[in-house]
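Reader: I should like to learn how such a model is read, feature by feature. May we begin with the annotation?

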Amino acid sequence: MKRQLNHRHTIRRTLAFACFGLGIAGCILPLIPGIPFFVLGGRLLGPRDRTLRLAMLHGRRGLRALRHSRSAH
């Protein structure tokens, strides 16, 4: 039973990272929208995933650093 849960977890993580990759491509390319893929990837990982929480934390820190910088970016 534990082996089956491990496979499901691996498949969900793989699909989530594929969605994030499509989301990044959607932000660069005007053909596909990126936001739905980011939302789907976040839902696949779930709120308790360590990778997702760290990415959100680094994103917040990066935005905070941009806000407090002296020069305009």
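Reader: Which residues does the UniProt annotation "transmembrane region" cover?

Author: UniProt positions follow the numbering used here, with shortened feature names, and annotations may be inferred rather than shown by experiment. In the unreviewed entry, the "transmembrane region" covers residues 15-39. That span is 76% helix and 0% strand, where helices (H or I, at least four residues) and strands (E, at least two) are DSSP runs numbered from the N terminus. Its end C-alpha atoms lie 12 Å apart.

Reader: On what basis should these values be read?

Author: Residues are numbered from 1 along each chain as its sequence is written, and side-chain values use heavy atoms, leaving out hydrogens and water. This is a predicted model, in which local features need pLDDT of at least 70 and side-chain atom pairs count only at pLDDT 80 or more, while totals for chains, interfaces and linings use all residues.

Reader: What is the mean pLDDT of the protein chain?

Author: pLDDT is the predictor's confidence in each residue, from 0 to 100. The protein chain has a mean of 86, and 90% of its residues reach 70 or more.

Reader: Which side chains meet in a salt bridge?

Author: Side chains of opposite charge can pair when their charged atoms come close. A salt bridge is a side-chain nitrogen of Lys or Arg within 4 Å of a carboxyl oxygen of Asp or Glu. Here Asp49 and Arg13 form one (2.8 Å, N to O). Asp49 lies in the loop between helix 2 and helix 3 and Arg13 in helix 1, so the pair ties together parts 36 residues apart in sequence.
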